[in-house]
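Subject: Handing over the structure

Dear colleague,

I am passing on to you the structure we spoke about, together with some notes on what was found in it. Please have the view open while you read, as the notes go from one place to the next.

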Amino acid sequence: MNNMLQVKGLGKNYPTFTLSDITFTLPTGYVMGFIGQNGAGKTTTMKLILQMVQKDSGEVLFMDNPVSAKSKQQIGVVFDSSFLLDDWKVKDIEGIFAGFYQGWDHALYQNYLSRFGLENTKKIKDLSRGMKTKMSLAVALSYGAKLLILDEPTSGLDPVARDEILEILQEYIQDGTRSILFSTHITSDLERIADYITFINKGHMVYTGLKDELLESFYIIKGGNNALSGGQRRKIIGLREHSTGFDGLVHAQDKDAFAGMLMEKPSIQDIMVYISKGEDAQ
Amino acid sequence: MSALKSTLRLEGYFIKPFFKSILILLVFPLAFAFGNQSVSVGITVTMGIAMLFASYNFVQEEKGNVAQIFGVLPIDEKTRVKGRYLFVVLAGLITLVFAVILSSLVGVWGGFFAAEEVVLGSLLGMLVFSLFVSIQLPMFYKYGYSKARFFTFIPYILVVVLAPTATMIAKDMDTQALNNWMQTLMQNPALFAVLGAAAALVISLLLFFISYRLSVGILKRKMKN
C-alpha cells in the first residue's frame, strides 16, 4: 500500500508548550481523523506538515518525498477560519489562486461554486461561516490535490452544511488515489467517514491506527459505589465517581477483571474524553 | 503563469480595496505643485505619499488569518518576498509616471512648467521613495504592520532632523568644485538627465536589493519560531 503522508518523530518546542514525537502514516485512498482537546497540538502539527512553522525535529514525507513548496501543488488546505480577505469578491478568488496551480480546473471550480450556491458578486465578508468554508473547499478541490488537510472545517456549521461537506469529502476519496487528514471536535463526523484515527493529547501521541481497532480496544465500565478494588481502580482510565456509582474506560484486554459489571462499547468521543481526563489526573 | 507572476497578481489583489482612496490621495500633491509654483514639488510630494502605500499589503496580511494564505500556496519565502518587492517597485514607477504627467499638466496650466524641474523632481522622487521604502519593508517583515508602523515615520523624521544639519554643514564647506560641476551639468540638461537617471536607477536598485536580502533573511528566521 502506498503512503500519502508520513509523519515521523515530529517535534516543536515553544516556551509554554512542547509537541513531541508525533508519528503517524496516512495511506493513499483513506481518511484520517485527527483528534485531541483544544491546545493538544493538532493545528501546530498541521502547520508543521505544511512548513508554515519550522520543525525542531522529525520529518514529514508527502508521497515519499520531503514536503516542499512544490508539494503544495498537490495539497489542498482548509483552515477553521478563512484566509481570504473580507473585501475580495467570490469572482476574484479564481484570479488569485488559479495561476499558482498547474492543475487548476476552471470548469471544476465553477461547478463547485454553482453546487455550493456561491454568487460571484458577493464579498467574502458577506458570506456565512459555512459559505466561507465551502469557498475554501471549492479552491482546495479545484487543482487536483492528492491530499486534503482540513483543520476543523465543519466547526460552527449547521447539521445540513456539515452533511453536505462530508458528502463532498466522501466523493473526493472515492477514486482511491487521494487522502484526507481531517481534524475535528465533532467526532460523529469521523465515525461516519474516517478510516484511521490519530489522537494526540498535550503535545504527545496517544493513538494512531485504524478507527475500528481503536473502538474495539476499549470498553466503558459502569458500576455502583464501593464496587472497585484497588487493582481494578488502577486499570480504569479517566475514572469518574459520583453519588450513584462510577464509570470509566478500560482496555479490552483488561475487561475480564470487571466481569459482572456493565460494559458498553465507547464512541470516539468517549475514548477521547476518558483518556484526556485520565492524563489530566496523573 | 509563473509563481512570481501569480504572487505579483496576489499583491495587486491585496491592495485592490484601496485603489479608489489611493487615486484620490495622489491628486492632493497637485495643490502643493500649484502653491509652490513648482512641478518638482508636485512630483516629490506624490512620491512621498506613495511611500505610505508600501505598507498596505502588510496591513491586509494582518487582517484575520490572511497571512496563512502564504502557508497554503505553493511558493517559498524568496518568491513571496520577491513578489512584494516587485509589486512595490512597479507601483512606485507607475506612481512616478502618474505624478510626472499630472504635475506637468498643472505646471503647463499654471504657467510654471520647466523641463529641468520634471527631471529633478523625478530623480529626487525616485531616490527618496527607494530609500524610505527600502528601510520600511524589512521592518514590516520583522515586526508586522501593527508594531512597525511607527518605523514608517522614521525616514520622514530623519529628513526633518538632518536637512537643517546638512544645510549648516554645507554652508561651511568649500563647495567651489561642486558648484562648478553642478553648473556644467545644468548647462547640459540632457547630460544631467542621463547621468542623473543612471545614478538614481543604480542607487535605487542597490537599495532595493539590500532591502530584499534582509527581508528574506528576516522571514526565514521568523518561520523558525
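To begin with the rings, Tyr101(A), Trp104(A), Tyr109(A) and Tyr143(A) are joined by ring pairs into a cluster. Please keep in mind throughout that this is a predicted model.

Over all chains the count of aromatic pairs comes to 19. One of these is formed by Phe58(B) and Tyr141(B), whose rings meet edge-to-face, with 4.9 Å from centre to centre and 85° between the planes. This pair links distant parts of the chain, since Phe58(B) sits in helix α5 (residues 56-61) of chain B and Tyr141(B) in helix α8 (residues 115-148) of chain B, 83 residues apart. Both Phe58(B) and Tyr141(B) are buried. Two lysines also lie over the faces of rings: Lys265(A) is placed over Tyr219(A), at 4.5 Å from the ring centre, and Lys142(B) is placed over Tyr143(B), at 5.7 Å from the ring centre.

Chain B as a whole comes to eleven helices and zero strands, and buried residues make up 42% of its 225 residues. Of the contacts in chain B with a separation of 6 or more, 83% are between residues 24 or more positions apart. An example of parts that are far apart in sequence is given by Ile203(B) and Leu127(B), which are 76 residues apart along the chain, while their C-alpha atoms are 7.4 Å apart in space. Ile203(B) belongs to helix α11 (residues 189-223) of chain B, and with a relative accessibility of 39% it counts as partly exposed.

Is Ser55(B), in the loop between α4 (39-53) and α5 of chain B, buried or exposed? Ser55(B) is buried, because its relative accessible area is 7%, which is under the 20% that serves as the cut-off. A polar atom of the side chain of Ser55(B) lies 2.8 Å from the backbone oxygen of Leu52(B). Leaving aside residues up to four places away in sequence, Ser55(B) touches Phe140(B) and Tyr145(B).

Turning to where the chains meet, the contact takes 27 residues from chain A and 25 residues from chain B. The area buried between the two chains is about 2,400 Å², and carbon and sulfur atoms give 64% of that area. On the side of chain A, the residues that lose the most area to chain B are Phe83(A), Leu85(A) and Phe100(A), which together account for 26% of what that side buries. Across this interface there is one salt bridge, in which the side chains of Asp92(A) and Lys16(B) meet at 2.9 Å, N to O. Helix α2 (residues 90-97) of chain A gives four residues, the largest share of the side of chain A that touches chain B. Five residue pairs across the interface of chain A and chain B are in polar contact.

Over all chains, the salt bridges number 15. In chain A, Glu59(A) forms one with Lys8(A), and the closest N and O atoms are 3.7 Å apart. Glu59(A) lies in strand β4 of chain A and Lys8(A) in strand β1 (residues 3-13) of chain A, so this pair ties together parts that are 51 residues apart in sequence. Another joins Arg192(A) to Asp163(A), with 2.6 Å between the closest N and O atoms. Since Arg192(A) is in helix α6 (residues 187-193) of chain A and Asp163(A) in helix α5 (residues 159-172) of chain A, the pair ties together parts that are 29 residues apart in sequence. Arg233(A) and Glu241(A) also meet through their side chains in a salt bridge, at 2.8 Å, N to O. In chain B, a network of salt bridges links Glu11(B), Glu61(B), Arg80(B) and Arg84(B).

Lastly, there are two backbone angles to look at. Most residues other than glycine have a negative phi. Met63(A), however, has a phi near 50°, a positive value in a residue other than glycine, and Met63(A) lies in the loop between β4 (57-62) and β5 (65-66) of chain A. Lys202(A) likewise has a positive phi, near 50°, and its place is the loop between β9 (196-201) and β10 (204-210) of chain A. Met63(A) is partly exposed, at 34% relative accessibility, and Lys202(A) is partly exposed as well, at 44%.

With best wishes

Technical notes
Residues are numbered from 1 along each chain as its sequence is written. Chains are lettered from A and ligands numbered from 1 in the order in which they are written. This is a predicted model: local features need pLDDT of at least 70, side-chain atom pairs count only at pLDDT 80 or more; totals for chains, interfaces and linings use all residues. Side-chain values use heavy atoms; hydrogens and water are left out. Rings of Phe, Tyr and Trp (its six-membered ring) pair if their centres lie within 6.5 Å; planes under 30 degrees apart count as stacked, over 60 as edge-to-face and the rest as tilted. Helices (H or I, at least four residues) and strands (E, at least two) are DSSP runs, numbered from the N terminus. Buried means under 20% relative accessible area, exposed over 50%, partly exposed in between (1.4 Å probe, protein chains only). A charge sits over a ring if NZ of Lys or CZ of Arg is within 6 Å of the ring centre and within 35 degrees of the ring normal. Contact means heavy atoms within 4.5 Å. Buried area is the accessible area (1.4 Å probe) that two parts lose on being put together, summed over both. A salt bridge is a side-chain nitrogen of Lys or Arg within 4 Å of a carboxyl oxygen of Asp or Glu. A polar contact is a pair of N or O atoms within 3.5 Å; within protein, one must be able to donate a hydrogen and the other to accept it, and residues adjacent in sequence count only if both atoms are side-chain atoms.
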